[in-house]
Amino acid sequence: MRKKYLFVLVMLLVITFTGMGLTALYVQRTGNQEQEEKISVVTSFYPMYVAALNVVGDVDAVQLTNLSEPQTGCLHDFQLTPEDMKLLSTADVFVINGGGIESFMEEVASSYPSLQIVEACEGIVLLQEEDEENAHAWMSVADYEEQVRNIARGLSKADPAHEEQYQSNAGDYCGRLESLKERQQAVCETARGQNVILFHEAYAYVAEDYGLTVSCVLDLDEERQVSAGEVSEVLTAIERDHVNYILAEKRYGQSMGDTMERESDVRVIYLDPLNRGDYDRDSYLDGMSENIRLLEQCFGM
């Protein structure tokens, strides 16, 4: 009898441990399957990452990565590294600004023909400067809002299982952008028609949003050497067009801005071009809000 009970006990133990093993194997396989089902979304640079971050929200099925470092700025002269190409080789979706800012797209498209490209500027009428597109559309709140919606549509197409969440997140974010547009509209009432000079081509979108008239543009960056002739041209434009304000980026424009303030009665407003920063979801809202505050001060709000 004891042998019978012992046999039953052994069989129960075998069944129990076998069941536990099968359960562990199932959990492991399920976990691996869920991991495999994650989609990899890569953004080209900072403003696209922040926009995509808000659209993705808490969707766990997305692995979101930014291609360039958050302090890179615009990608005019950006060169892809082998590490960048490796990252793109594993991506399902590549979110770009478009309009020529990502000059490497021909190489990417030819290397990874199955990679889904989401162009945030799709359908947006970009500003033109000397027969070239100015694609800094994120500096217009209205255009940035459309970029957010384009990203939501692109991610919904790539991952239809989470379309409702993408669209809801985009709607919430765009609702917050609407508050910025309302503040802009109030500034327009006093700013519209005033002449300004730009020391960064991205601020052409700021001028467009506020109804400002651009007298001249001097696009400054880290490699830009300003000639005496250009200084003279800017001073001439200030006097000719009764310019009171220059819009500039402090990182590259302060030296020239200091010169203009010494040589004339113009005031330089240093705005954030919102092309670099930390990876916070509210960084665009905070940066643009500060830009609006500076303009409110200057235009008597």
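The points below go through the fold, one sheet, two helix pairs and a few single residues of this predicted model.

1. Overall composition. The secondary structure of the protein comes to ten helices and ten strands. The chain has 301 residues, of which 47% count as buried. When contacts are restricted to residues at least 6 apart in sequence, 65% of them join residues that are at least 24 apart.

2. The four-stranded sheet. An open sheet is formed by four strands in the order β2-β1-β3-β4, and the pairing is parallel. Its edge strands are β2, residues 62–66, and β4, residues 116–119, each of which pairs on one side only. On average, and with direction ignored, neighbouring strands of this sheet are turned by 20° against each other. As background to this point, strands of a sheet pair through backbone hydrogen bonds, either parallel or antiparallel.

3. The pairing of β1 with β2. Strand β1, which covers residues 39–43, pairs with β2 in the parallel sense over five bridges. Two positions help to fix the register for a reader following the model: V41 stands opposite L64 in β2, and T43 stands opposite N66 in β2.

4. The two faces of β2. Which residues of β2 lie on its covered face, and which on its uncovered one? The covered face holds V62, L64 and N66, whereas the uncovered face holds Q63 and T65. In general, the side chains of a regular strand alternate between the two faces of the sheet. Two residues of the covered face, L64 and N66, have already appeared in the pairing with β1, where L64 stands opposite V41 and N66 stands opposite T43.

5. Helix α5 and the sheet. Helix α5, residues 141–158, packs on the sheet and touches β1, β3 (93–96) and β4, and the direction of α5 makes about 160° with that of β4. The same helix also takes part in the helix pair of the next point, where α2 is its partner.

6. Helix α2 against α5. Two packed helices are described by the angle between their axes and the distance between the axes. The axes of α2 (residues 46–56) and α5 come within 9 Å and cross at roughly 60°, which makes α2 oblique to α5. The crossing in which α2 passes α5 is right-handed. On the α2 side the contact is made by P47, M48, V50, A51, A52, V55 and V56, and on the α5 side by Y144, Q147, V148, I151, A152 and L155. By class, this contact of α2 with α5 has twelve nonpolar residues and one polar residue, with no charged residues.

7. Helix α8 against α9. How do the axes of α8 and α9 lie, and at what angle do they cross? The axes of α8 and of helix α9, residues 250–263, come within 11 Å and cross at roughly 50°, which makes α8 oblique to α9. Here too a right-handed crossing is found, with α8 passing α9. The contact involves V231, V234, L235 and I238 of α8 together with M256, T259, M260 and E263 of α9. These residues of the contact of α8 with α9 divide into six nonpolar, one polar and one charged.

8. V234 and its surroundings. V234 is found in helix α8 and is buried, with a relative accessible area of 3%, which is under the 20% limit for that class. Leaving aside neighbours within four places in sequence, V234 is in contact with I197, F199, C216, L218, M256 and M260. Two of these, M256 and M260, belong to α9 and to the helix contact described in the preceding point. As for I197, V234 lies 37 residues from it in sequence, while the two C-alpha atoms are 8.0 Å apart in space.

9. Two residues with positive phi. H242 has a phi near 55°, a positive value in a residue other than glycine, and L274 likewise has a positive phi of about 55° although L274 is not a glycine. H242 lies in the loop between α8 (228–240) and β9 (245–248), and L274 lies in the loop between β10 (267–270) and α10 (283–298). Is each of them buried or exposed? At 63% relative accessibility H242 counts as exposed, whereas L274 is buried, with a relative accessible area of 4%.

Technical notes:
Residues are numbered from 1 along each chain as its sequence is written. This is a predicted model: local features need pLDDT of at least 70, side-chain atom pairs count only at pLDDT 80 or more; totals for chains, interfaces and linings use all residues. Side-chain values use heavy atoms; hydrogens and water are left out. Axes are lines fitted to C-alpha atoms, for helices over the stretch in contact, and angles run from 0 to 180 degrees between N-to-C directions. Angles under 35 degrees count as roughly parallel, over 145 as roughly antiparallel, 65 to 115 as roughly perpendicular and the rest as oblique. A crossing is left-handed if the near helix is turned anticlockwise from the far one by less than a right angle, and right-handed if clockwise. Contact means heavy atoms within 4.5 Å. Ala, Val, Leu, Ile, Met, Phe, Trp, Tyr, Cys and Pro count as nonpolar, Asp, Glu, Lys and Arg as charged, and the others, Gly among them, as polar. Buried means under 20% relative accessible area, exposed over 50%, partly exposed in between (1.4 Å probe, protein chains only). Two strands pair if DSSP finds at least two bridges between them.
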